[in-house]
Amino acid sequence: MPEPEIPDEYLGDYARILGEVAATGRRLTRDELENRRARGRAAAEAGFQLRALVGLHLAATRAAWPGADATDPASTDCVLAAVEQCVDSFAEGFERAQRLTVRREEAARREFIDDLLYGRSDLGRLAERATRFGMRLSRAHAVAVAAGPQAYTEADTAPRQVESALLARFDGREFLLTTKDGRLVCIAPGSQPDVLRYFAKQAHAATDGGRVAVGRPHRGPGGVVQSYDEALVALDLAERMSLDDPVLYAADLLVYPVLTRDRQAMADLVRSQLGPLQQARGGAEPLLKTLSAYFDAGCVAAETARRLALSVRALTYRLERVHQLTGSDPSDPMHRYTLQTAVIGARLLDWPAREL
């Protein structure tokens, strides 16, 4: 497409200034320089390209040049200095307007994402604003959240590195990337899981091995909030359950919210099944840790002993002690499910560090 024609109003009295400079050798006045900055700002707000605007000034310079005494080196030098001043002031105004526009756009984007993640705005209005950022909230979207060893802002290296990697592979209107509460947050259409998978890979690397959680896709403005909440819950679960996976999917962790939906019932189970472990020497923590490792190792004694840096004989003694105190045998399939559920509940409820 050809570039739109630029009106002469952005040149203003440029030709007159050059003519006077050629005749008198004067420099531009303060008012003239400010006028050039104002025209630069107006041109930026009108959406014209700086390259085309500079070209317009150079073309006007050629057209006005015959008015100068081309045989006088001093006159030529004065005109070129005036051209430099005019273009420099014009570009300064143009760049200031662009920076202001970028700041406004960034503020609007930040406000939109905040409202989107917390559902603080009217849903209809939110959907209208979403189109400005290439989102159709009637469709399903999913949210991924990355947490690293430190809190991040958008000005930090890690978010900028992740954004550059995503932009190199995907259209910038296919995702929204920001930081929230020190974490990296990426919102993408549910129909494009590759975006969030790639985000997870890049965020894990950029945050020096940080953990990433991905919520399930949900429809509508409220769906983004729901997916974001699921990702946060997954990160919290990973911390409580000491999960090692660098990337967690909320869809794979649905059993844990189910188990804690009735918190009182789970607390009763933990107290009844694991409460007696508090009678052991050293309290419940060592035996609880043993049970957790035993179940994580698939109830294989040799692997459990290796993970705990124990001999198989010492591990067997601990498991027998659990049996004595609780009346449930960890090696018995009939007792195993109840014990394992209670151990998961203890992790989720932070027992025995926290009283139930």
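Leaving aside its neighbours within four places in sequence, which residues is L274 in contact with? Here is a note that gets to that, point by point.

1. **What you are looking at.** Just so you know, this is a predicted model. The protein chain has 14 helices and six strands. Its length is 356 residues, and 42% of them are buried.

2. **Overall shape.** For a compact globule of 356 residues you'd expect a radius of gyration near 21 Å, but this protein chain comes in at 33 Å. The box tells you about the proportions: along the principal axes, the C-alpha atoms fill roughly 110 × 45 × 35 Å.

3. **Contacts along the chain.** Look at the contacts with a separation of 6 or more: 68% of them join residues that sit 24 or more positions apart.

4. **Surface and charge.** About 19400 Å² of the protein chain is exposed, and carbon and sulfur atoms supply 50% of that area. As for charged side chains, there are 46 positive and 49 negative ones, and the centres of the two sets are 5 Å apart.

5. **L274, back to the opening question.** L274 belongs to helix α10, which covers residues 263-274. With those sequence neighbours set aside, L274 is in contact with L269, L288, L291, L339, A342, V343, A346 and W351. Its relative accessible area is 0%, so L274 counts as buried. For a sense of distance, pick E32: it is 242 residues from L274 in sequence, and the two C-alpha atoms are 83 Å apart.

6. **The cysteines.** How many disulfides does the structure hold? Zero. C78 is in no disulfide, and the nearest cysteine sulfur to it, in C86, is 13 Å away. A disulfide is a covalent bond between the sulfur atoms of two cysteines. Seen from the other side, the sulfur of C86 has its closest cysteine sulfur in C78, and because 13 Å separates them, they are too far apart for a bond. The surroundings of the two are worth a glance as well: C78 is partly exposed, at 23% relative accessible area, while C86 is buried, at 0% relative accessibility.

7. **A cis peptide bond.** Most residues other than glycine have a negative phi, and most peptide bonds are trans. Keep that in mind for this point and the next two. The peptide bond from W351 to P352 is cis, and its omega is near 15°. You'll find P352 in the segment after α14, the helix that spans 333-348. W351 has already turned up in this note, as one of the residues in contact with L274.

8. **D208.** Is D208 buried or exposed? Exposed, since its relative accessibility is 68% and the cut-off for that label is over 50%. D208 sits in the loop between α7 (193-206) and β4 (211-214). Its phi is near 55°, a positive value in a residue other than glycine.

9. **A309.** Where is A309 placed? Look in the loop between α12 (301-308) and α13 (312-326). A309 is not a glycine, yet its phi is positive, at about 60°. At 70% relative accessibility, A309 counts as exposed.

Key. Residues numbered from 1 in each chain as written. Predicted model: local features only at pLDDT ≥ 70, side-chain atom pairs only at ≥ 80, totals over all residues. Heavy atoms only, no water. Helix = DSSP H or I, 4+ residues; strand = E, 2+ residues; numbered from the N terminus. Rg over C-alpha atoms; globule rule 2.2 N^0.38 Å. Buried < 20%, exposed > 50% of the residue type's maximum accessible area, 1.4 Å probe, protein only. Contact = heavy atoms within 4.5 Å. Areas by Shrake-Rupley, 256 points an atom, 1.4 Å probe, with all protein chains shown as cover. Lys, Arg positive; Asp, Glu negative; His and termini not counted. Charge placed at Lys NZ, Arg CZ, Asp CG, Glu CD. Disulfide = S-S within 2.5 Å.
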